[in-house]
Amino acid sequence: MPKPLSIDKAVDGNLKPVKDSDGTLTALELSTDKVRVKNLEVLGDIGIRGDSTLTDTTNIAGQILGYTVIGLDATPATFDVTNAMLPVHNDLKVSFTFPPSGQVEIMASIYIQTDAARAVTFGLSTTDASTGFTTLKDSYENHTYFADETDGTQHSHRWYVTGIAGEAEELWFAAGTTHSGRIDLFWGGDSSAVADYTHPIEYQPFVMKATALPSGTYTG
């Protein structure tokens, strides 16, 4: 949740007035935490008493709320996609706190390798690979890639997720397909992939991030 900042504490030395060149008070700035009340109009005296608080300006639209990178300078890892939705790995997840808008974009990027024309589905699980798949929502299990034969690509997928502002969330990356044994996911590498031009043996790390969206997000 947003961190409450005590005005009483600020008055002790951190809350400072910001004035124009003519001496007009235009803002109050809490310098330690960079919280600023702008366009301030003062009519008479300012009186502060009780437990009044300011709220810091974290978790604003566009801020990255959570970021996961797995496979940096590591032996490449793989997952054989099955004909059931499954969390891919305990570490392939993102943790975050919902921003004031309650709206977040989740993005995941991973390498897909196929040996047959099969559809790939990505989804989000509220439980890890050890526990098993618990869908965040059926509508988040989306078709994301279809190969015509043997194909491979670094692929990214995005979800629009909503929740309660200030509530913590942890989501695991999940995948499934129509036929087992036809599609593999790869991530990580610790050397150059140039040595083998027929099939890269080193991959980008897996990336999953959560980004705060504005409250005015248009959904139709």
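Colleague: Is Phe 122 buried or exposed in this structure?

Modeller: In this predicted model, burial is read from the relative accessible area, and because buried means under 20%, Phe 122 counts as buried with its value of 0%. Across the chain of 220 residues, 35% count as buried.

Colleague: Which residue forms an aromatic pair with Phe 122, and how is the geometry read?

Modeller: A ring pair is read from the distance between centres and the angle between planes, and planes over 60 degrees apart count as edge-to-face. The whole structure holds six aromatic pairs. In one of them, Phe 122 meets Phe 173 edge-to-face, at 4.7 Å centre to centre and with 70 degrees between the planes. This pair links distant parts of the chain, since Phe 122 lies in strand 11 (residues 119-125) and Phe 173 in strand 14 (residues 168-177), 51 residues apart.

Colleague: Which pair do Phe 173 and Phe 206 form, and where in the chain do they lie?

Modeller: Phe 173 and Phe 206 form a tilted pair, with 5.4 Å centre to centre and 45 degrees between the planes. Phe 206 belongs to strand 16 (residues 206-212), 33 residues apart from Phe 173 in strand 14, and both residues are buried.

Colleague: Which residues form a nonpolar patch on the surface?

Modeller: Ile 64, Tyr 67, Val 69 and Leu 72 form such a patch, with about 390 Å² of accessible area together. Among them, Val 69 sits in strand 6 (residues 64-70) and is partly exposed, because its relative accessible area is 32%, which falls between the cut-offs of 20% and 50%.

Technical notes. Residues are numbered from 1 along each chain as its sequence is written. This is a predicted model: local features need pLDDT of at least 70, side-chain atom pairs count only at pLDDT 80 or more; totals for chains, interfaces and linings use all residues. Side-chain values use heavy atoms; hydrogens and water are left out. Patches are made of residues with over 30% relative accessible area and no salt bridge: like charges are joined within 9 Å, nonpolar side chains (Val, Leu, Ile, Met, Phe, Trp, Tyr) within 5 Å. Accessible areas come from the Shrake-Rupley method with a 1.4 Å probe; for residues, only the protein chains shown count as cover. A salt bridge is a side-chain nitrogen of Lys or Arg within 4 Å of a carboxyl oxygen of Asp or Glu. Helices (H or I, at least four residues) and strands (E, at least two) are DSSP runs, numbered from the N terminus. Buried means under 20% relative accessible area, exposed over 50%, partly exposed in between (1.4 Å probe, protein chains only). Rings of Phe, Tyr and Trp (its six-membered ring) pair if their centres lie within 6.5 Å; planes under 30 degrees apart count as stacked, over 60 as edge-to-face and the rest as tilted.
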